[in-house]
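Please walk through this structure step by step. The path goes from a sheet and its helices to charged pairs, and then to a few single residues.

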Amino acid sequence: MTNQEVARVLAEIGEYIQMDEGLSFRARAYDKAAEIVGGMPDSITELFKKGGEDAVIAINGIGKGIAQTIAELATDGASTMHEELKRAMPIDLSALRSVEGLGPQKISRLYKELGITSLATLEEAAKAGRIRALSGFGEKSEQKLLRGVGFLKTGTGRFPLGDVLPWARSVEKALAGVRGVTRVAIAGSARRRRETAGDIDFLAVAKDSAAAMDFFVSMPDVTEVIARGDTKASVRLASGLTADLRVVPAASYGAALNYFTGSRDHNIALRQIAQDKGLKLNEYGLFRGEKSVAGKTEEGVYAALGLPYIEPELREMGGEIPAALENRLPDLVGYGDLVGDLQVQTSWTDGAHTIMEMAQAARAAGLSYIVVTDHTKRLAMMGGLDERRLALQGKEIDEANGSLKAQGIDFLILKGSECDILKDGSLDLSDEALSALDVVGVSVHSYFDLPRDEQTARIVRAIRNPHADILFHPTGRKINRRPAYDVDMDEIIAVAKETGTVLEADAFPDRLDLNAEHIRKCMGAGVKISIDSDAHDKAHFSVLEYGIAQARRGWARRKDVINAWPASEMLAMLKH
DNA sequence: GCCGTTTTCGGCCCGACTGTTTTCAGTCG
């Protein structure tokens with residue numbers, strides 16, 4: 001069983017408990033355990049198999065009771081408690097739970113009093129007007145549930161950050177122009193730069209919140225106002241995305257920004273620290289009794305808690321609190337730190353622009369070198385380069401460099417390749433052709449369905465090729481389109497460490513491959529990464545930001561990222 | 001159900017909004 005599956009069972013048990021007890025501490029314990037297991041980098045069932053129940057109990061937040069459930073899941077693939085709860089109430093809990101406004105207690109009543117077990121039976125009952133008859137429910141709740149079901153049927157989940165951040169920034173700018181608004185910020189998971197967003201949170205400071213609220217609920221793409229109070233509004237957009245706005249006084253800006261940035265668990269940990277110091281932390285500030293101790297700035301809040309400032313990308317309860325307490329937070333790679341781009345395609349294959357056009361665009365984006373990495377012949381559909389055309393391209397690069405130099409422009413175009421990894425792990429170009437290149441990237445574009453062992457062995461063979469410098473988009477996943485191929489990344493990382501191979505963090509918003517967790521593993525193993533745009537168009541250098549964000553989420557420092565180094569140092573590293 | 005250099009018992013994060021209430025429960029983040 002995967003950690004996600006175990007987490008789901010634990011969370012469902014927690015929800016069932018909530019049906020009877022409300023959000024009791026027992027229910028919370030299951031909820032919390034689900035969060036912990038879901039966020040663990042290593043397999044909980046493997047941990048149990050190796051270390052027994054004791055190893056599981058050693059995890060903070062998991063005690064004897066929940067460890068027993070985990071033990072059952074690891075050995076039988078099922079938990080008696082969970083099975084009994086499901087038997088007593090055979091409902092599609094996760095589907096019903098995803099309806100806006102429907103929580104455990106209402107779900108329980110709908111089942112007991114109307115026999116509602118699924119989205120279909122919920123919709124039927126609502127349409128027949130049977131829900132409004134229940135005490136505590138009314139016509140409005142019934143309509144809201146109906147809208148909720150309708151929304152789920154249109155089926156949208158989380159949106160790639162690259163799709164929503166530009167929109168969020170435009171709203172941020174517009175909000176800043178609303179009368180009375182003195183500060184605006186994007187908060188939530190978008191500020192933490194999670195690779196996808198389910199909603200977007202905005203925070204504003206305004207003397208009079210009404211104008212900001214009015215603006216927010218009447219933006220052109222709002223299709224539904226879910227809530228609108230004095231200080232908080234929530235809307236649904238045509239795209240399916242939800243957006244929240246919260247307005248706070250200036251004195252609370254830092255505390256509120258911290259609160260609305262999350263993650264939820266990070267906030268809970270901070271409040272725990274506050275509590276231990278006899279303080280109370282909420283979105284309005286940090287208080288000792290009635291007296292405000294901090295709250296105007298985020299830095300001030302952290303400082304008053306005895307912590308250095310923690311960057312939003314780290315606020316995921318991935319060890320940032322202990323690291324902060326011990327003053328060993330990483331000095332993260334910065335958004336302006338990249339000086340080169342090691343994966344760029346041109347019109348020689350499937351790119352839209354010429355080598356020189358891409359070089360000029362990269363320079364305009366603040367870079368001082370690029371590596372031209374067109375596809376190779378195996379990708380015939382894209383006009384992949386064979387050895388002969390690659391040599392011709394090399395001549396064009398020499399000429400382009402000469403022309404830049406003649407104009408006194410300090411910019412370097414390097415020769416490279418996105419060389420295809422064939423089914424058996426051999427490379428698509430001859431050793432002779434590869435040895436003429438400055439940087440050799442290798443990548444998988446076929447046979448995604450190989451068994452795990454075979455896929456891993458194939459990629460290992462490719463990166464063991466002495467010419468291979470970088471493994472491009474190592475897992476092949478495309479967000480919301482296809483999962484990663486089945487590959488043992490721990491093994492790949494171990495071999496990369498041994499061979500000095502660099503692993504790429506492809507910055508393209510639908511790839512973000514490596515993801516933050518894998519980058520974190522690379523950091524742990526001492527494997528270097530490159531953050532590349534995978535640009536196919538002049539406009540694509542802007543996506544580097546998303547790759548940097550994921551690298552920061554993976555605790556990468558500037559010195560861990562080879563294209564944050566000058567070209568000479570980067571090349572010296574690749575050639576050992 | 002989990003946890004503990006103040007505790008093995010008695011705590012456990014905190015507040016806004018909605019709808020149905022007539023003082024609050026449920027949900028959400």
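Strands β2 and β4 (residues 199-206) run antiparallel to each other and are joined over 6 bridges. Within this pairing, Arg183 stands opposite Val205 of β4. The model in which these strands appear is a predicted one.

The two strands belong to an open sheet of 5 strands, ordered β2-β4-β7-β6-β5, with mixed pairing. Its edges are β2 (181-187) and β5 (222-228), each of which pairs on one side only. From one strand to the next, the twist averages 20°.

Helices pack on this sheet. Helix α10 (residues 161-176) touches β2, β4, β6 (232-237) and β7, and the direction of α10 makes about 170° with that of β2. Helix α12 (residues 209-217) also packs on the sheet, where it touches β2, β4, β5, β6 and β7. The direction of α12 makes about 175° with that of β7.

Strand β7 leads on to the charged side chains. Side chains of opposite charge can pair when their charged atoms come close. How many salt bridges does a search of the whole structure find? The count is 31 salt bridges.

One of them joins the side chains of Arg246 and Glu283, with an N to O distance of 3.1 Å. Arg246 is part of strand β7 (residues 242-248), while Glu283 sits in the loop between β8 (280-282) and β9 (285-288), so the salt bridge ties together parts of the chain 37 residues apart in sequence. Both Arg246 and Glu283 are buried.

A second pair is Glu142 with Arg132, whose closest N and O atoms are 2.8 Å apart. Because Glu142 lies in helix α9 (residues 139-154) and Arg132 in the loop between α8 (119-127) and α9, this pair ties together parts 10 residues apart in sequence. Are the two partners buried or partly exposed? Glu142 is buried, with a relative accessible area of 0%, whereas Arg132 is partly exposed at 37%.

A third salt bridge is formed by the side chains of Arg452 and Asp486, at 2.9 Å from N to O. This pair links distant parts of the chain, 34 residues apart: Arg452 is in helix α20 (residues 452-464) and Asp486 is in the loop between β15 and α21. Arg452 has a relative accessible area of 37% and is partly exposed; Asp486, at 38%, is partly exposed too. Elsewhere, salt bridges that share partners join Glu35, Arg264 and Asp265 into one network.

The loop that holds Asp486 also contains Thr475, and this loop runs between β15 (470-471) and α21 (489-499). Which residues does Thr475 touch, not counting those up to four places away in sequence? They are Ala484, Tyr485, Met489, Asp513 and His518. Thr475 has a relative accessible area of 3%, so Thr475 counts as buried, being under the 20% limit.

The last topic is cysteine. A disulfide is a covalent bond between the sulfur atoms of two cysteines. In this model the count of disulfides, taken as cysteine sulfur atoms within 2.5 Å, is 0. Cys419 is buried at 0% relative accessibility, and Cys522 is buried with a relative accessible area of 0%.

Key:
Residues numbered from 1 in each chain as written. Chains lettered and ligands numbered in written order. Predicted model: local features only at pLDDT ≥ 70, side-chain atom pairs only at ≥ 80, totals over all residues. Heavy atoms only, no water. Helix = DSSP H or I, 4+ residues; strand = E, 2+ residues; numbered from the N terminus. Buried < 20%, exposed > 50% of the residue type's maximum accessible area, 1.4 Å probe, protein only. Contact = heavy atoms within 4.5 Å. Salt bridge = Lys/Arg side-chain N within 4 Å of Asp/Glu carboxyl O. Pairing = 2+ DSSP bridges. Axes fitted to C-alpha atoms, helices over the stretch in contact; angles between N-to-C directions.
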